[in-house]
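Work through the following exercises with the sequence and the structure side by side, and try each task before reading its solution.

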Amino acid sequence: MTGFIRAPRIANLEISEIVQLTEKAAVLKSQGHDIIALSTGEPDFPTPPHVIEAAHRAALAGKTRYPATLGTAELRAAIAAVNGVSPAEVIVSTGAKQVLANAMLASLADDDEVIIPAPYWTSYSDIVALAGGRPVVLPCPMTRGFKLTPEALEAAITPRTRWLMLNSPSNPSGAIYSAAEIRALAEVLARHEQVWVLSDEIYEHLSYVPFTRFRDAAPELADRTLVVNGVSKAYSMTGWRIGWGVGPAALIKAMGAVQGQITSGASSISQAAALAALTGDQSLLETRRAAMRARRDHVVAGLNAMPGVVCPEPKGAFYAFPDLSRAIAAGGFESDAAICAWLLDQAGVAIVPGRAFGLPGHARLSFAYAERDLEEGLSRIHAALDVRLGVTA
Ligand code: PMP
């Protein structure tokens, strides 16, 4: 078996630490343990009913055949309108994840470099490696707001650099790049024409401060920018698997060639649902953002009240990314992975170690969960740390 599975492109791939942890939590739960999993990046709200109805209608109306590879004309037109581009500059894929994979498979030659500021969403480096590229991870510590500086970007660029992957709002840090910060990075990129930008804006509608789209702040780079977005997070549609890319038509066409051989395009019924989400009542975005903001405030305050924990305020998305380095040292833990494993065993709470996101010493806790689970999860972590760190009330 091992001799058979020998494609070099999967040699260094591991099952995502997030998936492993979530699965371990599920196994413990099925064995009767009382487990609170705060590990996955999925809103707990339901898909809006009008979206589900649109899918039902589409299926009954016979939209059950192979869709066009790049996406249905209606959905591409709606995405083009939202982004102020033409439909030829839009591809619809099976989740934002496939947009990323299409882009890397279409553009990278072996050992081409992709700059990934850390902390980053775990799949970025694996997708780059799967496509034969080389992830160049740049640590962006908490003291710099978890953001890439123009100096660090300049120093990392080589003749082999093909992409900079940006994610604002960020999973896992919640950092948002301001217009001025984007401009400063754009000025560096202007000097390096071989470098394209992949701007993953999937948490756009979960911003608690003003959000700037990369293309709006750096329009002069539009001919080498790919924006990634989708319905998973904003409209609670993770299972429908619809995401899209907006970029130069030639890149979109090449990504379509990849997609055509892998999936033939995204589900026609899900595309009808996504169209209803994009063109229907948008007031739910504000209601859900307000609910997430209230949870964020609660979770950040709860974490900062714990011994050895420092949690900066996430400006977007639905994750807290506290620094646990003092708790790790004071509690005699070996690493962030060790403290997270201990929290799952001792407190029955699943959170993901920072090393999975390229920034050890932290952990990611999702607050896309019901208030009572967040409350219970926080109080268990707090109590466990109090005991381990010898804090007396
Ligand atoms: N980008 C980021 C930053 C994400 O967090 C996720 C989901 N965890 C995705 C992309 C993929 O989303 P989708 O469900 O559309 O594939």
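Two strands count as paired if DSSP finds at least two bridges between them. Keep in mind throughout that this is a predicted model.

**Exercise 1.** Determine how many bridges join strand 11 to strand 12, and place both strands in their sheet.

Solution. Begin with the pair itself: strand 11 and strand 12 (residues 363-366) run antiparallel and are joined by two bridges, which means that they satisfy the cut-off of at least two. One residue to look for is Val352, whose bridge partner in strand 12 is Arg364. Then widen the view to the open sheet, where three strands follow the order 9-12-11 with antiparallel pairing. Its edges are strand 9 (319-320) and strand 11 (352-353), each of which pairs on one side only.

**Exercise 2.** Find the order of the open sheet of seven strands, and identify what packs on this sheet.

Solution. Reading across the sheet gives the order 2-8-7-6-5-3-4, and the pairing is mixed. At the edges lie strand 2 (90-93) and strand 4 (134-139), while the twist from one strand to the next averages 20°. Helix 9 (residues 249-262) packs on this sheet, where it touches strand 2, strand 7 and strand 8 (243-246), and its direction makes about 25° with that of strand 2.

**Exercise 3.** Decide whether helix 4 is mostly covered or mostly uncovered.

Solution. First locate helix 4 at residues 96-107, a run of 12 residues. Next consider burial: 10 of the 12 residues are buried, and the helix is therefore mostly covered, a residue being buried if 20 or more other C-beta atoms lie within 10 Å of its own. Among the buried residues are Ala96, Val99 and Leu105.

Technical notes
Residues are numbered from 1 along each chain as its sequence is written. This is a predicted model: local features need pLDDT of at least 70, side-chain atom pairs count only at pLDDT 80 or more; totals for chains, interfaces and linings use all residues. Helices (H or I, at least four residues) and strands (E, at least two) are DSSP runs, numbered from the N terminus. The expected span of a helix is 1.5 Å times one less than its number of residues. Axes are lines fitted to C-alpha atoms, for helices over the stretch in contact, and angles run from 0 to 180 degrees between N-to-C directions. Two residues are in contact if their C-beta atoms, placed from the backbone, lie within 7 Å.
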